[in-house]
Amino acid sequence: MCGIVGLLVKNPRMRDRLGEMMVPMLVGMTERGPDSAGMAVFTKPLAAKHRKLSLYAGDGEFDWAGFEKKAKQALKGELSLAVQANHAVMETSVDPVKARQWVHDRYPELHVLSVGRSIDLYKDTGMPAEVAKRYGFEKLRGSHLVGHTRMATESAVTPAHAHPFTAGEDFCLVHNGSLSNPFSIRRKLEPLGIHFDTDNDTEAACRFLEWRMREGDDLKAALQKGFQELDGFYTFLMGTRDELALVRDAFSCKPAVVAETDDYVAISSEFRSLAHLPGVKHASLFEPKPEEMYVWRV
Amino acid sequence: MAGVTVARRSIVPTAQGGTAVFDLARQSVRDLNDFLHHKLGDTKKVRVLNPDGAHAIAVGVDAPVEIDIEGHAGYFAAGMNKRARLTIHGNAGPAVAEGMSSGRVHVKGFASVSAGAAAHGGLLVVDGDASLRCGISMKGIDIVVGGSVGTYSAFMAQAGRIVVCGDAGDALGDSLYEAVIYVKGKIKSFGADAHEEPMTDADYTAVAELLKEARFDHDPRGFKRVASMRSLYNWNADAKQEY
């Protein structure tokens, strides 16, 4: 079991309140996912040549000041670091592949959680309320977000196994359910040079869909291929720079409900974590149908 | 409606023949269900405010009481109901009225998956759509759905009736036993062993009665009857056992 939450604000004035609106949604899904939580928030995109990398340093003490100094010396480009506990967002004009490789080679203890012009990503083990507090989720600003509370059923409870998963740039996916063919997906992708960070089933779905989009599919075409290739139970919620997308498998055992008003689209596994939202009593509510694609644009 | 607001963790002081009011923004579902199971006295009516998708609201009630749930209910609302008449003034989560044996549950909005699952009796009315697996393994309940039902509805349904005023999804009535399904709209596909049969006078009467009880205005002559071919009832040793 897991909980998923998503929020896209249509009313630009609400962007400053994104985190505040989302935290009760995430905490409301604690019973569905008490072991880990994560959040991807999409902000106004950086300039075309700039990227941000969400970095996670694990449990121990980490010398972020030393890291910043060395990164500036080695990477030779504009670079700044915003640190929040054991997490930091690095903004840079350096080529993202080069920056990522440098982090990987020089600081193997750091995990690169996401790369993009728009995405910031936080994920960690612990109760959703603790994770939200640790990373100051209520202060997050942006146009849309994708969140998850995890109850692990098929792989270890570690920060790396928490959702959202990312692949490529400005793309993330969260999952409620379990896939039955993640290893055959993986055996298909690895010979193409696609690297996996964990043995988690959701990562296979995330990398499969990102691979399809890199091969030229738009999100809907990629999802259509996903329906054909991904076997198992799933409600997937995905975020891109300017979209939220939601799909459920043919059996739809894993719940989802959508509330839409003039101001926002809110998605959750259950209505109980939407009940606090402003105007939700008059929102248009529906359950997404099996194997239908729901895509909302910012 | 004048009500007596029930304080948390108190012995409930209901007025004689009066209405008890529970506010789930302040009180727990456990308190509500404890009251419904043990402390009803001669309470005739219970209102549940701010249900906000909570699970297991009014599960296991066995009393001729009227219960109004003033909003959306989460998983398992009105499960195992006996005799009570419940109205959910909103949507119902998965498995509403599962295991019901008598009484009436009325969902004013839509119902999520497995509505009326395995229920032995009573009437479930859903004004909107019911999602996948509506009436799965039902054993005698009557279900009337104002909208459409999703895929695998009436899967392995053993007894009882479902009236669908809208459409039915894929694999309707898969592995059906003796339950009967009446559908007004389109049927996307039949499940194994389910097929359409001619409507008889008894079927028209049954549909008319159920529509009347559910307060839906449709002409029974527009409905089709779906029942079991009974070809799966006995083991067929001659069939190729391929999987």
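Against which strands and helices of chain A do the buried residues of H6(A) pack? In this predicted model, they pack against strand E9 (165-166), strand E10 (171-179), helix H5 (182-189), helix H7 (219-229) and strand E11 (232-240) of chain A. The points below treat helix H6 and helix H7, then a sheet in chain A, and finally the contact between chain A and chain B.

**Helix H6 of chain A**

- Helix H6 of chain A covers residues 201-214; at 1.5 Å a residue, its 14 residues should span 20 Å, and its end C-alpha atoms are indeed 20 Å apart, which agrees.
- Ten of the 14 residues of H6(A) are buried, so this helix is largely enclosed by the rest of the structure.
- The buried residues of H6(A) are A:Asp201, A:Thr202, A:Glu203, A:Ala204, A:Ala205, A:Cys206, A:Arg207, A:Phe208, A:Leu209 and A:Glu210.
- After H6(A) comes A:Gly216, which has a positive phi, near 115°.

**Helix H7 of chain A**

- In H7(A), the buried residues are A:Ala222, A:Leu223 and A:Gly226.
- These residues lie on the same side of H7(A), because they cover an arc of only 100° around the axis.
- As general background, an α-helix has 3.6 residues a turn, so residues three or four places apart point the same way.
- A:Lys220 and A:Gln228 are exposed, on the other side of H7(A).
- The packing partners of the buried residues of H7(A) are H6 and strand E12 (243-248) of chain A.

**A four-stranded sheet in chain A**

- An open sheet of chain A is formed by four strands in the order E4-E5-E3-E6, with antiparallel pairing.
- Strand E4 (79-84) and strand E6 (111-116) of chain A are the edge strands, since each pairs on one side only.
- From one strand to the next, the twist averages 20°.
- As general background, strands of a sheet pair through backbone hydrogen bonds, either parallel or antiparallel.
- E4(A) and strand E5 (residues 87-92) of chain A run antiparallel and are joined by six bridges.
- Within this pair, A:Leu79 stands opposite A:Thr92 in E5(A).
- Helix H2 (residues 64-75) of chain A packs on the sheet and touches E4 and E5 of chain A; the direction of this helix makes about 160° with that of E4(A).

**Contact between chain A and chain B**

- How many residues of chain A are in contact with chain B? Nine residues of chain A are in contact with 14 residues of chain B.
- On the side of chain A that touches chain B, five residues are nonpolar, one is polar and three are charged.

Technical notes. Residues numbered from 1 in each chain as written. Chains lettered and ligands numbered in written order. Predicted model: local features only at pLDDT ≥ 70, side-chain atom pairs only at ≥ 80, totals over all residues. Contact = placed C-beta atoms within 7 Å. Nonpolar A, V, L, I, M, F, W, Y, C, P; charged D, E, K, R; others polar. Pairing = 2+ DSSP bridges. Helix = DSSP H or I, 4+ residues; strand = E, 2+ residues; numbered from the N terminus. Axes fitted to C-alpha atoms, helices over the stretch in contact; angles between N-to-C directions. Expected span 1.5 Å × (residues − 1). Buried ≥ 20, exposed ≤ 12 C-beta atoms within 10 Å, placed from the backbone. Arc of directions from axis to C-beta.
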